[in-house]
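Visitor: I would like a brisk walk through this model. Let us take it one question at a time.

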Amino acid sequence: MTAQTQKRILLVIGGGIAAYKVLELIRRAQERGIEITPVMTAAAKHFVTPLSVASLARTKVHDALFALTDEAEMGHIELSRSADLVVVAPATADLLAKMAQGIANDLASTLLLATDKKILVAPAMNVRMWLHPATMRNVETLRHDGVLFVGPEDGDMACGEYGPGRMSEPLAILAAIESALATETFLPLPSATAALAGKTVVITSGPTHEPIDPVRYLANRSSGKQGHALAKAAAAAGARVTLISGPVTLADPAGVTTHHVETARQMLAETEAALPADIFIAAAAVADWRADEEAHQKIKKGAGEAPVLHFVENPDILATIAQRTTARPSLVLGFAAETENLLANAQEKLRCKGADLIVANDVGKDGVMGKDETTVTIITAASTETWADLSKDEVARRLIARLAGELDGRTR
Ligand code: CTP
């Protein structure tokens, strides 16, 4: 590994019995050519000695906020930014609470507040401390801030209890480190909040209903949660948002202009009417087919003959907008709902529909549709990146940040 490609980790060691596992983590990381800069809290030194950590890491341990020699060599701000990734292991309840609140009262917490890098935490604590509403609130806040988590695992703990709270094993932490280093997960900074100020965003969401007769229709299981979350996130980022929603049970998002439609053709017409826009997001699960003729009266059971439906294909809204020769939005994002060959099918959709980004999700997996948590893979012509086990709100926030970044890059 050359000096340029060698990855560097700032490893913050918290004060918990699991700190002993960090020695193994350091050794394993070194074997993979990852350079470690260790930082210890005062409590951590009760569990492992700075000498052991320094010997394995082959570098000095940083532990004081106001150490004159350290500040002269490398100030704490520089230290917080010099790594590719910040890892906190064990992440104690105290460290998580400080991070969630933005408290900076020692070197470790100050680095965690000052860093502009991704942070991966490996929590370790007693099961009741982990399950305490205060810790759960802090975890939720940190996830929302883009902090990555590995563990904790269920198991017997040093304190004699059983349950979630045990720190993940060094190899599992290492795998999470390598995955975090390999992906460009977005870590939001405060300046991202108005990233879409002055921009217009058009989003389709929910299912479409394709009528068969006055009382029956074809539909699908889409809840509209992801599309509506995107509309909220785009509005929160300062954009002027038009949401074109199929029939859903969700409330119209505040601060968003929402048009309600039933069919794919109505959705296309409203989308085209909402242009021009800077960004178009096709999050709706549009019915691919409709009955070629809608019966004007309710179809009766008749004399035992089952009715036969003839289908015609609906317009593809994403492809229509992405392939426009006039008023094509600068960025067009589509979704790919797949039950097999996820990446290959999604890449094919990116190419043949003409989108700039495709968000692929495996809808075959325990009913993603309608659920709050999801795993998505972001595909562009140049890259593929997976975001695992995130709430749809978090996916929305990261996607909007990513699109804002892309738009910014294009208009520069
Ligand atoms: N889409 C659309 N109009 C359609 C069908 C799909 O705008 N008539 C959009 C969806 O909003 C999504 C993307 O195209 O962004 C892919 O949708 P998906 O249902 O995964 O794929 P289909 O194009 O319908 O293809 P298939 O059903 O064969 O997988």
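Visitor: In which hand does helix 1 pass helix 9?
Guide: This is a predicted model. In it, helix 1 passes helix 9 in a crossing that is right-handed.

Visitor: How are helix 1 and helix 9 oriented to each other, parallel or oblique?
Guide: The axes of helix 1 and helix 9 (residues 170-182) come within 9 Å. They cross at roughly 50°. Angles under 35 degrees count as roughly parallel, and 65 to 115 as roughly perpendicular. The crossing angle therefore makes helix 1 to helix 9 oblique.

Visitor: How many charged residues does the contact of helix 1 with helix 9 have?
Guide: Helix 1 brings Lys 21, Glu 24, Leu 25, Arg 28 and Ala 29. Helix 9 meets them with Pro 170, Leu 171, Ile 173, Leu 174 and Ile 177. By class, seven are nonpolar and no residue is polar, which leaves the charged count at three.

Visitor: How does helix 1 lie to helix 2, roughly parallel or roughly antiparallel?
Guide: Helix 1 covers residues 19-31, and helix 2 covers residues 50-57. Their axes come within 9 Å and cross at roughly 10°. Angles under 35 degrees count as roughly parallel. So helix 1 is, to helix 2, roughly parallel.

Visitor: How many nonpolar residues are in the contact of helix 1 with helix 2?
Guide: Leu 23, Ile 26, Arg 27 and Gln 30 are the helix 1 residues. They meet Ser 52, Val 53, Leu 56 and Ala 57 in helix 2. Two residues of this contact are polar and one is charged; the nonpolar ones number five.

Visitor: Why is helix 5 oblique to helix 8?
Guide: Helix 5 spans residues 93-101 and helix 8 residues 133-144. Their axes come within 9 Å. Helix 5 is oblique to helix 8 because of the crossing angle. That angle is roughly 50°.

Visitor: Which hand does the crossing of helix 5 with helix 8 have?
Guide: Helix 5 contributes Ala 93, Leu 96, Ala 97, Met 99, Ala 100 and Gln 101 to the contact. Helix 8 contributes Thr 135, Asn 138, Val 139, Thr 141 and Leu 142. The contact has seven nonpolar, four polar and no charged residues. Helix 5 passes helix 8 in a crossing that is left-handed.

Visitor: Which residue in strand 3 is joined by a cis peptide bond to Ala 89?
Guide: Strand 3 covers residues 85-91. The cis bond from Ala 89 has omega of about -10°. Its partner, in strand 3, is Pro 90.

Visitor: What is omega at the cis peptide bond of Gly 151 and Pro 152?
Guide: Pro 152 sits in the loop between strand 5 (148-149) and strand 6 (153-156). A cis peptide bond joins Gly 151 to Pro 152, with omega about 5°.

Visitor: What is phi of Ala 327?
Guide: Ala 327 lies in the loop between helix 12 (317-322) and strand 16 (331-338). Its phi is positive, in a residue other than glycine. The value is near 50°.

Visitor: Which residue has a polar side-chain atom 2.4 Å from an oxygen atom of the ligand?
Guide: Of the 14 residues around the ligand, Ala 282, Ala 284, Asp 288, Phe 335 and Lys 353 come nearest. Asp 288 places a polar side-chain atom 2.7 Å from a ligand oxygen atom. The 2.4 Å distance belongs to Lys 353.

Visitor: Which residue has a polar backbone atom 2.9 Å from a nitrogen atom of the ligand?
Guide: Here the ligand atom is a nitrogen, and the protein atom belongs to the backbone. The residue is Pro 315.

Note on methods
Residues numbered from 1 in each chain as written. Predicted model: local features only at pLDDT ≥ 70, side-chain atom pairs only at ≥ 80, totals over all residues. Heavy atoms only, no water. Axes fitted to C-alpha atoms, helices over the stretch in contact; angles between N-to-C directions. Helix = DSSP H or I, 4+ residues; strand = E, 2+ residues; numbered from the N terminus. Parallel < 35°, antiparallel > 145°, perpendicular 65-115°, else oblique. Left-handed = near helix turned anticlockwise from the far one by under 90°. Contact = heavy atoms within 4.5 Å. Near = heavy atom within 4 Å. Polar contact = N/O pair within 3.5 Å; in protein donor to acceptor, adjacent residues only side chain to side chain.
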